[in-house]
Amino acid sequence: MGSHRNALVAVVRQELAEARGTARAVLAAAESARSEALRRKQLIRDAYSTCLAQLAEAREAAREDILRRTRTEAGSLTRNVESLAALYASGAAGTAWRYWTPTEPDRVTRPGLLRIGTIGYDPGDGERRLPALVPLLDHAHVNLAGDREAADGVISGLLLRALGTTRPGDVRLTVYDPEQLGGTLAAFAPLGHAGLLSFIGPGGLGPMLDDLVEQICRVNETVLAGEYASLAELIAATPGPRPEPWRIIVLLADAELSPGQRAQLDRVARTGVACGVHLVVRGLDLAPHPTVERIEVEGETATCDSIGDLTVRLDTAPPPERIAGFCRATAERLRQGPPPARFADLEPEKLWLESSAHGLSAPIGDSTDGSLIAVPLGDDPPHALIGGPSGSGKTNLIYAWIGSLAARYGPAELAFYLLDFKEGVSFARFAPGPRDPSWLPQVRLAGINVNGDREFGLALLRHLGEELRTRAQAAKRHEASKLAELRAEDPNGHWPRIVAVIDEFQVLLAGRDALAEEAVALLEDLARRGRSQGIHLVLASQDVSGIEALWGRSGLIGQFTLRIALPKARRILADTNLAAAVIPRFHAVVNADSGAAGANHIVRLPDAGDRQNWRTLQRKLWHRRPDNCVPPRLFDGDAVPRLPQAYRPTGRVAHSGDGGIGSSPGAVLGERIDVAARPARLRLGRMPGRNLAVLGTRTDEACDVLAAAALSLAAQGPARFSVVCLEPGAERSAARLVAELPQADWYGRADLDQFFDVLAPDGIPHYVLGYALDAAGASFRDRWRALLTDGPEQRIHVLGWWRSVPRLRDDLGGPGARLDTIGAWVALDVQGPELSPLSPQPGGPVWYPRARRALFFDRSVHRHPEVIIPYEVNSDHT
Ligand SMILES: Nc1ncnc2c1ncn2[C@@H]1O[C@H](COP(=O)(O)OP(=O)(O)OP(=O)(O)O)[C@@H](O)[C@H]1O
């Protein structure tokens, strides 16, 4: 039993041991699972916190990014809003009262918004304030409610800004203030003196509303006339002064209206804005309408329809003394009338859009109501006469007219020829100069300092005469009777209208000489036939005698149907027309009916003389010039032309094609006074008499004539030169000539025998340049005479300088001597009658010597001598 028990105990023990072992193993497994779970828990915790940190970081970065973007966007939105605010409420519409001054709008600016206070906002870098703007003129009525005193301050500010951003007279105020009888807006009272303000008494509201309704009906019927929806639209389509002022009706009424008044008020509120009638109402509610802007005022703040929920911090009311000062100044300006147009106002909206086919039309200024006055030129009136005493503004008027025309008509439509016989350079600005390389593209020719050179005026008229002939021939070919037809028939031709302006034209007609006669004949022809060929003359004069010279020629004056008279001009208008005597400074009478009373337009002229304003326009036009546009020819009577390089031995002379240079080379003597600035040439062919005498005592000019002749001959091919210099004062110049000529021998007084001894024809042209040949003495006379007589046929030509005509005559055989060996001469300071032995005209030519001008006569080509300008060959004596 005992052993059984023992065995059982052993078994139990065994089982217990096994169970214990198993339990231990299970425990160990559970322990390890637990620690694994703990580890994983820790891992998850770690991952979680990393994740949290990352999320926080990402969130922070995103927040930063959003903030940054918000700031940038807010910044740029702010800038946009600020610039929009500045754009819509510029100048007096938006400036704080501290800096406020009125700003006059230009002709194209339309009313914008008006500031009543500011709106605060924070773009992220601290509080900023934007102007709070509300609409009024052309846009809305304003209906204020709330705090009465503050609302009145807003009204004062709005009115001052509206008045300060419009032209005096463009806004009229009516104030209904039954409580204070006008006292609320008393500071505006000075406007009443100019008829711009009226206060309505307590009983006047009904009639005033009736009157407004009538006004609106009238504007709709007669001004807008069904063509435009509003005055704003009409003005945008037809720029110019307002046909109707804005009317602002201020109603400061706290009482109820009668049903009739209410109905009228509602009508005005609905229809007024389109007709320029605006209500500014405090104390009454206007019926809601898109054109009604409501402002709720509460102490120093307000809210209004156009600004939404944002709170406006209201500006303080403008100081009454400032309002009164402004209103006084406005009334005074109105009394004086609107300011005259500025030069820039003459410019069209777009440059060079006009066609000149049927004529030209351009404003030169405005009338007293501010509308621009255009001056026509074309078939009728074809030509213009401008008159006014010195200093009355003729030059200024011409500038204004030229500028206005040049801005409208491009170079294909218009060409100017401008000549000023006054001393001065008024037309020089149209040509390139040392300080300004620009030129007016339509100007073909500008003549300045022409007062001594009537010949240049004649040259211009001849040139225009040629143009007239060319146009008449073309018109005949195309069977056209006027320019518009010629241009239609010949669309590829270049037929701009020509406007020739001659200031102080009477200089041209002064004197009873051949020049004046020819000038008058040419003027008559141009005036008569230029009309249909698009050539228009504009003659200006300060001198009544000049105009009277025209009056004597009824055929001529009759063509000048456009008259422009400046203050105190005499005889420009008809005798019974006294307008010029009464117009003020800087005004003109424009009359397109030959000055007849009743056809006057009084024009206020802008200041067109200001260089900077002019340059601004000219540069704009210059930059638009077509590629083939060449600068104008500038003739300056005070400038001495230099011998062109082409006429020096190093240059190459262009063959003129008339006569062959080889057989008949042309000696260039000086510049002709003509439009093309051509050289005056003397042909030296193998003919008797082909010699030249330069006559007079002006050494420099005589030397220049001889040098120009010799150099230009040397430039034309093989030639020999002998320089005979008998005057010490000319030696320097003669020596320079010898140095520049390719082949020349020099002879002084002591070498005269030798000169004649070696003289032998060899077929090559041989030119003898003689300086002061009258100094050679009696002993050489025969030999000189023989050379002058026989030389040319052997191709030896004398180009000699004699210091007087009698000395030349002595050298040629005394008083009865024949002078036909001198085929050509150039006279410097020799009076006309002294030239009679050499001249075809009995008594000699009409010639009064003047500096740097010479009279040139070539028997084989001239009927009359012509005036030339001796070239400057070397610059050491000028
Ligand atoms: N519309 C104007 N507005 C302002 N200034 C003007 C106006 N017209 C002329 N002037 C000025 O008046 C002065 C004389 O004008 P301008 O030279 O045009 O007169 P003018 O009749 O041509 O005189 P003159 O015949 O003596 O040359 C100039 O200083 C010019 O700037």
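1. Let's start with helix α19, and with the side of this helix that faces outward. In this predicted model, the face of α19 turned away from its buried side carries two exposed residues, D782 and A786. Which residues of α19, spanning 781–790, are buried? They are W784, L787 and L788. These three lie on the same side of α19, because they cover an arc of only 95 degrees around the axis. As for their partners, the buried residues of α19 pack against β28 (796–802) and α20 (805–811). Try turning the helix on your screen until you can look along its axis.

2. Now step back to the whole chain. How many helices and strands are there in the chain? The count is 20 helices and 31 strands. The chain has 878 residues, and buried ones make up 41% of them. Contacts also reach far along the sequence: among those between residues at least 6 apart, 71% join residues at least 24 apart.

3. Next, the nonpolar interior. In soluble globular proteins, nonpolar side chains tend to be buried together. Here the largest nonpolar core has 159 residues. Those with the most contacts inside this core are L669, L695, L706, A708, A709 and A710. Helix α16 (residues 699–714) supplies the largest share of the core, 11 residues. A709 is a good residue to click on: beyond its neighbours within four places in sequence, A709 is in contact with A667, V668, L669, L692 and L799. Apart from this core lies another one, of 70 residues, which includes Y176, A274, V281 and L314.

4. On to the ligand. Which residues are the closest to the ligand? They are S390, G393, T395, N396 and D607, out of 15 residues that surround the ligand. What kinds of residue make up this shell? Nine are polar, three are nonpolar and three are charged.

5. Some backbone details deserve a friendly second look. Most residues other than glycine have a negative phi, and most peptide bonds are trans. The peptide bond from D380 to P381, however, is cis, with omega near -5 degrees. P381 sits in the loop between β12 (372–377) and β13 (384–387).

6. Two residues other than glycine have a positive phi worth checking. For K568, phi is near 70 degrees, and K568 belongs to the loop between β18 (562–565) and α14 (579–582). For R852, phi is near 55 degrees, and R852 is found in the loop between β29 (824–827) and β30 (854–858). Are these residues buried, partly exposed or exposed? K568 has 15 other C-beta atoms within 10 Å, so K568 is partly exposed. R852 counts as buried because it has 22 C-beta neighbours inside 10 Å; the cut-off for buried is 20 or more.

7. Finally, a word on confidence. The chain averages a pLDDT of 90, and 96% of the residues score at least 70. Where is the pLDDT below 50? That happens over residues 652–661, a stretch with 13 contacts in the model beyond near neighbours in sequence. Where pLDDT is low, the predicted coordinates should not be read in detail. For the complex, the predictor gives an ipTM of 0.98 and a pTM of 0.68.

Definitions and conventions
Residues numbered from 1 in each chain as written. Predicted model: local features only at pLDDT ≥ 70, side-chain atom pairs only at ≥ 80, totals over all residues. Near = placed C-beta within 6 Å. Nonpolar A, V, L, I, M, F, W, Y, C, P; charged D, E, K, R; others polar. Core = buried A, V, L, I, M, F, W, Y, C linked by C-beta atoms within 7 Å. Buried ≥ 20, exposed ≤ 12 C-beta atoms within 10 Å, placed from the backbone. Helix = DSSP H or I, 4+ residues; strand = E, 2+ residues; numbered from the N terminus. Contact = placed C-beta atoms within 7 Å. Arc of directions from axis to C-beta. pLDDT = per-residue confidence, 0-100.
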